[in-house]
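I opened this notebook page to record what I looked up about helix packing and pockets. I wanted to keep the entries brief enough to check against the structure itself.

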Amino acid sequence: MIRLFVGLGNPGPEYEATRHNAGFWWVDALADKLGARLVAERSWHGHVARVNLAGAPLWLLQPMTFMNRSGQSVAALARFYKIAPAEILVVHDELDLPPGQARLKCGGGNGGHNGLRDIQAQLGSPDFWRLRLGIGHPGVKAEVVDYVLRKPAPEQREALQACIERTLAASAELIAGDMERATMKIHAGPPRPKPPRPSAPSAPGMPPEPGP
């Protein structure tokens with residue numbers, strides 16, 4: 001089961017609405033769903049909430065160490081409460097997926113993501129779960145840093161928000177450790193738009209009405 005949900009981002013109002021903070025947005029939404037409140041905790045170098053579910057504590061964490069030192073916060077809390085890497089889910093922005101798509105995986109590399117790189121180094125293991133929220137790619141590698149630190153276009157932000165709401169529907173399965181069912185829900189993708197209904201044909205012998 002997942003005992004620690006981590007959302008990645010950068011602290012400060014100047015970063016609040018940027019693509020790199022998609023993990024923060026997801027954990028904020030989970031806190032709202034669970035009726036929890038994230039508060040600053042110096043011991044864990046971040047904003048933390050504790051929720052008791054069926055007598056077992058569940059932790060929500062947003063590292064406030066800036067992205068490239070996220071592992072300092074994650075490892076401090078995980079080691080104190082003896083939370084194994086396989087019981088941690090890290091939610092982060094993903095360049096290789098378009099806005100609106102999400103993927104769940106366990107282990108693997110860091111894909112150049114500085115937050116994942118530091119968490120892997122501080123935990124001494126890559127074997128934690130990752131929820132990858134698509135933000136799209138600028139198309140040119142040299143533009144990636146500026147791209148992730150900018151606000152998404154309105155239609156991209158709407159797609160991201162819809163993705164967050166859809167993937168939150170798998171939170172019960174994630175908490176319970178039913179990763180197969182959680183994966184099915186998360187990978188289902190956004191619903192396809194319904195095709196437009198054909199217009200009714202004009203009555204026989206009646207000329208079509210003029211347009212506006």
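The entries below take two helix contacts and then two pockets in turn.

**Entry on the model.** I noted before anything else that this is a predicted model.

**Entry on H2 and H3.** I looked up how helix H2, residues 70–80, sits against helix H3, residues 114–123, and found a packing angle of about 40° with the axes 7 Å apart. Since angles under 35 degrees count as roughly parallel and 65 to 115 as roughly perpendicular, I recorded that H2 and H3 are therefore oblique to each other. The handedness of the crossing of H2 and H3 I entered as right-handed. I then listed the residues that meet: Ser70, Gly71, Gln72, Val74, Ala75, Ala78 and Arg79 on the H2 side, and Gly115, Asp118, Ile119, Gln122 and Leu123 on the H3 side. Sorted by class, the contact of H2 with H3 comprises 5 nonpolar, 5 polar and 2 charged residues.

**Entry on H1 and H5.** I next turned to H1 and helix H5, the latter spanning residues 154–168, which pack at an angle of about 45° with their axes 10 Å apart. That angle, too, makes the pair of H1 and H5 oblique, and I noted that the crossing of H1 and H5 is right-handed. On H1 the contact is made by Ala22, Trp25, Trp26, Ala29, Leu30 and Lys33, while H5 brings Arg157, Leu160, Ile164, Thr167 and Leu168. By class, I wrote down 8 nonpolar, 1 polar and 2 charged residues for the contact of H1 with H5.

**Entry on the largest pocket.** How much space lies in the largest pocket? I entered about 600 Å³, and I recorded a lining of 26 residues, with Leu95, Gly111, Gly112, His113 and Asn114 lying nearest the centre of the pocket. Strand E5 (88–94), H3, strand E7 (129–134) and helix H4 (144–148) each supply at least two residues of this lining, so H3 appears here as well as in the contact with H2. The lining of the largest pocket divides into 8 nonpolar, 11 polar and 7 charged residues.

**Entry on the second largest pocket.** For the second largest pocket I noted a volume of about 160 Å³. Which helix gives the most to the lining of this pocket? I found that H1, residues 22–34, does, with 3 residues. Among the lining residues I listed Asn10, Pro11, Gly12, Phe24, Trp25, Asp28, His47 and Met64. The class count for the lining of the second largest pocket is 5 nonpolar, 5 polar and 2 charged.

Terms used:
Residues are numbered from 1 along each chain as its sequence is written. This is a predicted model: local features need pLDDT of at least 70, side-chain atom pairs count only at pLDDT 80 or more; totals for chains, interfaces and linings use all residues. Side-chain values use heavy atoms; hydrogens and water are left out. Axes are lines fitted to C-alpha atoms, for helices over the stretch in contact, and angles run from 0 to 180 degrees between N-to-C directions. Helices (H or I, at least four residues) and strands (E, at least two) are DSSP runs, numbered from the N terminus. Angles under 35 degrees count as roughly parallel, over 145 as roughly antiparallel, 65 to 115 as roughly perpendicular and the rest as oblique. A crossing is left-handed if the near helix is turned anticlockwise from the far one by less than a right angle, and right-handed if clockwise. Contact means heavy atoms within 4.5 Å. Ala, Val, Leu, Ile, Met, Phe, Trp, Tyr, Cys and Pro count as nonpolar, Asp, Glu, Lys and Arg as charged, and the others, Gly among them, as polar. On a 1 Å grid over the protein atoms alone, a cavity is a set of points where a 1.4 Å probe fits but cannot get out, and a pocket is an open set with protein on both sides within 12 Å along at least five of seven lines; lining residues have an atom within 4 Å of a point. Grid points are joined across faces, edges and corners, and a volume is the space filled by probe spheres set on the points.
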